[in-house]
Amino acid sequence: MIDLLVVGGGPAGLATAVHAALAGLETVVIEPRTTPVDKACGEGVMPSGVRALSALGLDLLPGHPLRGIRYVHGTHRAEAPFDDGPGLGVRRTELHAALARRAAEAGVRTVTGRVGEVEQSADSVTAGGLRARWLVAADGLRSPVRHRLGLDLPDRRPRRYGQRRHYRMKPWTDFVEVHWSSSGRAGEAYVTPLADDLVGVAVLTTAKGGYDDHLAGFPRLLPLLDGEPVGAVRGAGPLRQRVRRRSAGRVLLVGDAAGYVDALTGEGIALALASAEAAVRCLRAGRPQEYERRWRALSRRHRLLTEGLLRVGGHATGARLIVPAAARMPAVFAAAVRALQ
């Protein structure tokens with residue numbers, strides 16, 4: 001019997017596996033796809049995420065340093081630099097490949113396959129033909145393991161989706177820029193410099209339509225995107241995922257599988273890395289029941305701020321006021337950015 005089975009070989013699952021292997025746990029990752037997997041992602045890692053990657057032994061990832069966060073609406077803008085080190089704009093595929101290499105170096109075994117039913121006993125859990133002392137489900141927004149365990153909760157709010165495309169061009173800024181539309185339904189455009197010649201642009205919205213249709217709602221952003229589009233448009237959603245709790249017996253949920261508010265504040269990777277470490281600490285101590293409390297503490301500020309921005313920005317009047325208000329109160333905006341670092 002192995003110590004830990006990780007379902008899902010994305011960044012959250014691989015980070016969990018590396019932490020577990022470094023803690024002396026025999027760990028197996030089960031994943032149906034070939035690494036690296038490209039997915040719709042803002043691709044900005046907050047400073048806390050950069051530090052978490054460094055703790056895993058990943059100090060030299062290719063990418064573009066991020067100096068802070070900037071909100072833009074029409075002629076209004078508000079910006080706040082990070083005060084605890086830089087963030088990093090990094091291609092999802094580069095991050096995934098680096099974590100896979102690190103997991104292999106740490107002695108993690110990866111098995112190609114899918115998980116069906118999850119069966120638990122007093123001292124073990126069995127899934128995908130493997131038996132382990134513990135299981136971590138890091139299988140994404142629509143986590144099949146979470147669903148099978150009955151941990152999903154319904155959500156009646158308007159569904160938000162994300163679409164992302166890359167542009168071959170020199171970044172005009174070293175800030176992550178969030179461009180706000182005047183329409184609550186049009187949403188936001190999230191711009192991340194990824195290299196000296198590459199920019200990623202994700203559009204987050206409740207409106208139906210294709211990527212170019214949504215991007216047309218940001219007339220001041222469009223002229224800046226003068227580079228050649230690179231690769232396919234990738235989409236994800238619905239973004240919001242409500243979860244009853246983060247554990248069930250010998251199973252813990254990590255990353256997006258643990259619940260998700262929205263991509264607006266750009267903390268997905270940082271939170272996934274933090275929850276991966278917390279989960280392993282709880283399992284190593286034999287106290288999986290502590291994970292729920294730790295997860296809530298880790299994600300509290302992110303959840304509160306993101307929920308607040310979504311509620312205000314979901315209405316046309318509120319969307320028009322967010323950036324002017326942030327510009328008039330730079331200390332408040334800087335404090336909000338610090339809270340997310």
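Which residues of α3 are buried? In this predicted model, the buried residues of the helix are R92, L95, H96, A97, A98, L99, R102 and A103. The cover over these buried residues includes α1 (11–22), α2 (47–55) and α6 (268–284). Helix α3 itself comprises 14 residues, 92–105. At 1.5 Å a residue its expected span is 20 Å, and its end C-alpha atoms lie 20 Å apart, so the two values agree. Just after the helix, G107 adopts a positive phi of about 95°.

One of the buried residues of α3 is H96. Its relative accessibility is 2%, and because the cut-off for a buried residue is under 20%, H96 counts as buried. With residues up to four places away in sequence left out, the contacts of H96 are G9, G10, L14, T35, P36 and V37.

S275, in helix α6, is also buried, with a relative accessible area of 2%. Its contacts beyond four places in sequence are V254, G255, Y291, W295 and L298. The C-alpha atom of S275 is separated by 9.4 Å from that of A15, although the two residues are 260 residues apart along the chain.

The contact between S275 and Y291 leads to the nonpolar interior. The largest nonpolar core holds 60 residues, and Y291 is among those that touch the most other members, together with L5, L53, L135 and V145. Helix α6 provides the largest share of this core, nine residues. Outside the range of four places in sequence, Y291 touches R246, L252, L253, V254, S275, A278, A279 and C282. A second core, separate from the largest, consists of 23 residues, including F82, V178, I322 and F333.

Turning to the pockets, the largest encloses about 1000 Å³ of space. Its lining is made up of 50 residues, and those nearest the pocket centre are K39, R92, G140, L141 and D256. Of these, R92 is also listed among the buried residues of α3. At least two lining residues are supplied by each of α1, β2 (27–31), α4 (144–148), β13 (161–168), β16 (198–205), β17 (228–236) and α6. Divided by class, the lining of the largest pocket contains 23 nonpolar, 15 polar and 12 charged residues.

The second largest pocket has a volume of about 670 Å³. It is lined by 28 residues, with D155, R157, P158, R159 and R240 nearest its centre. The elements giving two or more residues to this lining are α4, β12 (152–153) and α7 (291–313). Helix α7 gives the most, with three residues. The class composition of the lining of the second largest pocket is seven nonpolar, eight polar and 13 charged residues.

Several elements recur in these results. Helix α6 contributes to the cover of the buried residues of α3, to the largest nonpolar core and to the lining of the largest pocket. Helix α1 likewise belongs to the cover of α3 and supplies at least two residues to the lining of the largest pocket. Helix α4 supplies at least two residues to the lining of the largest pocket and gives two or more to that of the second largest.

Note on methods: Residues are numbered from 1 along each chain as its sequence is written. This is a predicted model: local features need pLDDT of at least 70, side-chain atom pairs count only at pLDDT 80 or more; totals for chains, interfaces and linings use all residues. Side-chain values use heavy atoms; hydrogens and water are left out. Helices (H or I, at least four residues) and strands (E, at least two) are DSSP runs, numbered from the N terminus. The expected span of a helix is 1.5 Å times one less than its number of residues. Buried means under 20% relative accessible area, exposed over 50%, partly exposed in between (1.4 Å probe, protein chains only). Contact means heavy atoms within 4.5 Å. On a 1 Å grid over the protein atoms alone, a cavity is a set of points where a 1.4 Å probe fits but cannot get out, and a pocket is an open set with protein on both sides within 12 Å along at least five of seven lines; lining residues have an atom within 4 Å of a point. Grid points are joined across faces, edges and corners, and a volume is the space filled by probe spheres set on the points. Ala, Val, Leu, Ile, Met, Phe, Trp, Tyr, Cys and Pro count as nonpolar, Asp, Glu, Lys and Arg as charged, and the others, Gly among them, as polar. A nonpolar core is a set of buried Ala, Val, Leu, Ile, Met, Phe, Trp, Tyr and Cys residues joined through side-chain atoms within 4.5 Å.
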